[in-house]
Amino acid sequence: MMPLPAQQIAVKTNLLYDAALSPNLGVEVGVAPRWSVEVSGNYNNWGIDGHLWKHWFVQPEARYWFCESFGGHFLALHAIAGEYNWGNLPLGKWPGSDFSMLRDRRYQGWGAGLGIGYGHTWMLSRHWNIEAEIALGWIHTRYDSYPCASCGSRLESGARHNYFGPTKAAVNIVYAF
């Protein structure tokens with residue numbers, strides 16, 4: 001078995017998700033000179049001071065690199081899927097949805113969607129990179145809603161929502177093998 005050439009496999013973490021208290025990890029593999037595939041996921045299973053931000057999401061992605069894999073500019077196509085339990089969060093209106101309802105209600109459900117993005121990777125050394133990416137897309141979600149973060153009486157069951165807007169924002173620290 002031949003060893004893989006340098007920078008054909010990378011592991012990464014999204015510092016923006018880390019700052020939002022959502023531990024995450026991604027693995028990217030070069031599959032052709034200008035193509036790579038990535039799978040990333042994040043998980044959060046706690047609430048803080050009555051604020052619920054529980055979720056898990058998986059996001060597979062295919063990338064086309066303008067020069068060569070793992071360096072410079074790229075275009076990306078991703079899918080996203082996961083489950084959430086969010087409530088008592090001080091959020092406002094955002095392109096694609098009005099998240100201000102999260103202040104007084106809890107939403108529990110699942111979502112899945114697609115997005116397209118653009119990014120750039122800066123090589124810091126032989127193994128370390130910094131990467132930035134932004135993506136827009138669509139997420140379809142089904143959920144139940146409750147009157148507050150800790151209440152149990154259901155207000156809605158099986159409600160649906162289609163979200164159009166940002167589906168990924170990343171500032172990754174990357175270790176390439």
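This is a short tour of the structure, stop by stop, with a selection to make at each one. Keep in mind that you are looking at a predicted model.

**Stop 1: the whole chain**

Start with a cartoon view of the protein chain. The secondary structure consists of one helix and 11 strands. Coming from the N terminus, you will pass through the order β-α-β-β-β-β-β-β-β-β-β-β. Now switch on a surface: the chain exposes about 9,700 Å², and 68% of that area is supplied by carbon and sulfur atoms. Of the 177 residues, 40% are buried. If you like contact maps, take the contacts with a separation of 6 or more: 60% of them are between residues 24 or more positions apart.

**Stop 2: Thr13 in the opening strand**

Select residues 9-14 to show strand β1, then pick out Thr13 within it. Is Thr13 buried or exposed? Thr13 has a relative accessible area of 18%, so it counts as buried, the limit being under 20%. Show side chains here and look for Asp18: a polar contact of 3.0 Å joins its side chain to that of Thr13. Next, ask your viewer for the surroundings of Thr13. Setting aside neighbours within four places in sequence, the residues in contact with Thr13 are Asp18, Asn24, Val171, Asn172 and Ile173.

**Stop 3: two loops with positive phi**

Most residues other than glycine have a negative phi. The next two selections have a positive one.

- Select Leu21, in the loop between α1 (15-19) and β2 (24-32). Its phi is near 60 degrees. Leu21 is partly exposed, with a relative accessible area of 41%.
- Then select Phe70, in the loop between β5 (51-65) and β6 (72-87). The phi of Phe70 is near 75 degrees. Phe70 counts as buried, at 2% relative accessibility.

**Stop 4: the salt bridges around Glu61 and Arg63**

There are 12 salt bridges in the structure. For this stop, show Glu61 and Arg63 as sticks. Their side chains meet in a salt bridge, with an N to O distance of 2.7 Å. Glu61 and Arg63 are both buried.

Now add Lys168, which forms a salt bridge with Glu61; the closest N and O atoms are 3.2 Å apart. What does this pair tie together? Lys168 lies in strand β11 (residues 156-176) and Glu61 in strand β5, so the bridge ties together parts that are 107 residues apart in sequence. Like Glu61, Lys168 is buried.

Turn next to Arg63 and add Glu131. These two also form a salt bridge, and here the closest N and O atoms are 2.8 Å apart. Arg63 lies in strand β5 and Glu131 in strand β10 (residues 128-146), so this pair ties together parts that are 68 residues apart in sequence. Both Arg63 and Glu131 are buried.

**Stop 5: the network**

To finish, widen the selection. Which residues are linked in a network of salt bridges? Select Lys12, Glu28, Glu38, Glu61, Arg63, Glu131, Glu133 and Lys168 together, and you have that network on screen. Among its members are the residues from the previous stop: Glu61, Arg63, Glu131 and Lys168.

Notes:
Residues numbered from 1 in each chain as written. Predicted model: local features only at pLDDT ≥ 70, side-chain atom pairs only at ≥ 80, totals over all residues. Heavy atoms only, no water. Helix = DSSP H or I, 4+ residues; strand = E, 2+ residues; numbered from the N terminus. Buried < 20%, exposed > 50% of the residue type's maximum accessible area, 1.4 Å probe, protein only. Polar contact = N/O pair within 3.5 Å; in protein donor to acceptor, adjacent residues only side chain to side chain. Contact = heavy atoms within 4.5 Å. Areas by Shrake-Rupley, 256 points an atom, 1.4 Å probe, with all protein chains shown as cover. Salt bridge = Lys/Arg side-chain N within 4 Å of Asp/Glu carboxyl O.
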